[in-house]
Amino acid sequence: MWDKKYIDELNQRRAQALAGGGEKRVEAQHAKGKLTARERVEYLFDPNSFVEIETLVESRGDEFGMAEKKIPGDGVIIGYGTINGRYVYASIEDFTVMGGTLGEYHSKKICQIMDMAIKMRAPYISINDSGGARIEEGITSLDGYSGMFYRNTKASGLIPQIAVILGPCAGGACYSPAIMDYVFMSEPGRMFITGPGVVKSAIGEDISAEELGGAESHTTKSGVVHFAYKSDAEALDGVKRLLSYLPSNCSEKPPFNPDFRGIENSYKIQDIVPDNQRRVYNVKDVINTFIDKDSFFEVQEHFAQNVVVAFARLDGEVIGIVANQPCFLGGVLDINSSDKASRFIRFCDCFNIPLLTLVDVPGFMPGKDQEHGGIIRHGAKLLYAYSEATVPRITLIMRKAFGGAYIGMNSKGMDADVVFAWPIAETAVMGAESAVDIVYKKQINEASDPKVEKEKLIREYEDHYMTPYIAAQRGFIDEVILPEETRKKISDSFKALKYKNEMGRNKKHGNIPL
């Protein structure tokens with residue numbers, strides 16, 4: 001038998017690591033409405049599946065009293081386990097240990113688990129709850145961030161990367177989540193490059209931490225955060241749900257759901273979508289008539305709401321949906337909606353998720369603010385993202401499809417695989433009213449009643465030039481379909497495109513207009 005002292009020493013070190021920052025700091029974490037790092041691990045992973053590694057790693061710094069602050073684990077838990085039966089790798093910062101600050105070995109642990117995720121071709125989850133770089137360790141803590149950013153970039157498009165902000169995430173720490181695919185945040189979460197104190201001293205602006213970097217600001221204004229929830233548990237549930245739509249890596253197909261509940265409510269579309277182009281409707285109501293029941297999972301719900309992007313299932317298969325939203329700014333494309341859609345399209349293309357585009361768009365947003373803000377550059381991202389995508393791509397023109405926005409929303413000329421249209425669809429360079437003002441300006445001005453003449457010409461223009469049949473005659477639309485045929489036509493087309501395979505081009509990469 002071994003001397004008992006060896007076993008006792010190991011158990012003692014393990015207990016110290018498991019205790020984190022101690023009972024008082026655990027209580028403080030709970031008082032803020034937050035789970036501890038180990039409680040988060042237990043909640044996120046399947047029971048008894050998580051394997052922790054590098055539990056006993058400690059900081060090697062001794063200056064500024066660091067020798068007395070050392071705790072095994074160095075403020076971050078790393079390891080791997082299963083979520084819904086599939087392997088996932090994760091790092092979970094522990095705010096009870098030195099405020100979760102990132103030092104040399106803290107960052108080395110995170111880089112280690114990221115390397116393992118890349119090698120194993122499995123998703124990586126980063127749970128952030130940290131006071132930032134550990135000041136006592138100086139430049140070595142800053143260097144740790146650079147190693148993480150490099151690995152985030154190396155993993156991009158190879159494996160899904162999900163960041164979860166469940167506490168403070170400030171300064172350089174923000175950029176790792178920003179490089180990752182999706183960012184979740186709970187209400188206690190805060191994310192900013194410079195905190196309120198620095199903002200006050202630098203530019204004299206008074207602003208609270210919540211207003212500067214809280215969930216509402218980042219979901220509605222900056223677009224940095226994709227999903228926001230009230231509590232840690234709800235955020236982690238959201239992560240689990242997102243993973244159910246994603247493959248483990250770029251070489252796999254998304255997971256099929258054999259228990260899908262297909263619905264056929266396409267016949268309701270006529271009651272949802274008015275044939276009067278000036279009346280609005282909620283495109284989400286349309287989507288839910290033909291996708292599998294309860295499968296709609298929207299991304300960035302509260303940002304750039306004139307475009308809806310979401311995951312869903314059709315006959316158990318995962319699809320990505322990009323749709324204009326007529327009940328918000330008429331579904332027009334602007335700077336933020338172009339960015340939002342482009343990012344989602346490129347993610348779906350990275351991970352073999354077919355794309356469905358639903359079109360009802362009057363054009364790109366006009367005006368000085370949009371032009372000076374770079375609508376040309378941002379809109380070009382949308383064109384680039386669709387043109388670059390090699391996954392199956394199906395488009396349904398519901399009502400309006402005008403001007404450059406018609407092209408940008410996955411038109412036939414952009415190499416869409418199949419383009420459908422409803423009988424009420426209109427495709428043109430611009431709307432009838434604007435077109436008539438230009439083409440028939442002289443005739444209207446010379447008429448005895450210009451207003452009546454203009455209305456007559458608008459009706460004639462719509463009847464002769466804005467039906468989907470002209471585009472169908474030229475092959476720009478593959479088929480005009482009845483609304484009640486929507487689910488079947490889309491489903492059958494995705495099945496036919498299931499094994500689509502486009503060889504990559506012989507170049508390093510394109511130069512997307514960022």
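Below, a reader new to this predicted model asks how its descriptions are justified, and an author answers.

Reader: Hello! What makes up the chain, in helices and strands?

Author: Welcome! The chain holds 22 helices and 17 strands. Its C-alpha atoms fill a box of roughly 105 × 55 × 45 Å along the principal axes. Of the 514 residues, 50% are buried. Among the contacts with a separation of 6 or more, 73% join residues 24 or more positions apart.

Reader: Why are helix 5 and helix 6 called roughly parallel?

Author: Helix 5 covers residues 104–120 and helix 6 covers residues 139–155, and they pack at an angle of about 10 degrees. Angles under 35 degrees count as roughly parallel, and helix 5 and helix 6 therefore earn that description. Their axes are 8 Å apart.

Reader: Which residues make that contact between helix 5 and helix 6?

Author: Helix 5 contributes E104, S107, I110, C111, M114, D115 and I118. From helix 6 come T140, G144, G147, M148, R151, N152, K154 and A155. By type, the residues of this contact divide into 6 nonpolar, 5 polar and 4 charged.

Reader: N152 is on that list. What makes N152 count as buried?

Author: Buried means under 20% relative accessible area, and N152, at 0% relative accessibility, therefore counts as buried. N152 has its place in helix 6. Leaving out residues up to four places away in sequence, N152 touches M114, Q161, S176, I179 and M180.

Reader: How do you know that C250 is in no disulfide?

Author: A disulfide needs two cysteine sulfur atoms within 2.5 Å. For C250, the nearest cysteine sulfur is that of C350, 8.0 Å away, and C250 is in no disulfide. The same holds from the other side: the nearest cysteine sulfur to C350 is that of C250, at 8.0 Å, and C350 is in no disulfide. The structure as a whole holds 0 disulfides.

Reader: Why are C250 and C350 called partly exposed?

Author: Partly exposed lies between the buried limit of 20% and the exposed limit of 50%. The relative accessible area of C250 is 25%, so C250 is partly exposed. For C350 the value is 32%, so C350 is partly exposed too.

Reader: What is notable about the phi of A304?

Author: A304 has a positive phi of about 45 degrees although it is not a glycine. It lies in the loop between strand 10 (297–299) and strand 11 (307–314). With 14% relative accessibility set against the 20% limit, A304 therefore counts as buried.

Reader: And what about N410: buried or exposed?

Author: N410 has a relative accessible area of 0%, so N410 is buried. Its place is in the loop between helix 17 (403–408) and strand 15 (418–421). N410 also has a positive phi, of about 60 degrees, although it is not a glycine.

Reader: Which residues touch the most other members of the largest nonpolar core?

Author: That core has 59 residues, and I125, V164, Y182, L242, F311, V322 and F344 touch the most other members. Take V322: leaving out residues up to four places away in sequence, V322 touches residues including V307, V309, F344, L356, Y386 and M409. Another core, of 29 residues, lies apart from the largest one, and among its residues are I78, A117, I159 and A173.

Reader: How do you know that V299 is buried?

Author: V299 shows 2% relative accessibility, which is set against the 20% limit, so V299 counts as buried. V299 lies in strand 10. Not counting residues up to four places away in sequence, V299 touches Y182, H226, F227, V309, A310, F311, K340 and F344. V299 and V225 are 74 residues apart in sequence and 9.6 Å apart in space, C-alpha to C-alpha.

Reader: What makes S126 count as buried?

Author: S126 has 7% relative accessibility, and buried means under 20%, so S126 counts as buried. S126 lies in strand 4, residues 124–128. Leaving aside neighbours within four places in sequence, S126 is in contact with S91, I162, A163, V164 and M180.

Reader: Where is I269 in relation to S126?

Author: S126 and I269 are 143 residues apart in sequence, and in space they are 41 Å apart, C-alpha to C-alpha.

How values were computed. Residues numbered from 1 in each chain as written. Predicted model: local features only at pLDDT ≥ 70, side-chain atom pairs only at ≥ 80, totals over all residues. Heavy atoms only, no water. Axes fitted to C-alpha atoms, helices over the stretch in contact; angles between N-to-C directions. Helix = DSSP H or I, 4+ residues; strand = E, 2+ residues; numbered from the N terminus. Parallel < 35°, antiparallel > 145°, perpendicular 65-115°, else oblique. Contact = heavy atoms within 4.5 Å. Nonpolar A, V, L, I, M, F, W, Y, C, P; charged D, E, K, R; others polar. Buried < 20%, exposed > 50% of the residue type's maximum accessible area, 1.4 Å probe, protein only. Core = buried A, V, L, I, M, F, W, Y, C linked by side-chain atoms within 4.5 Å.
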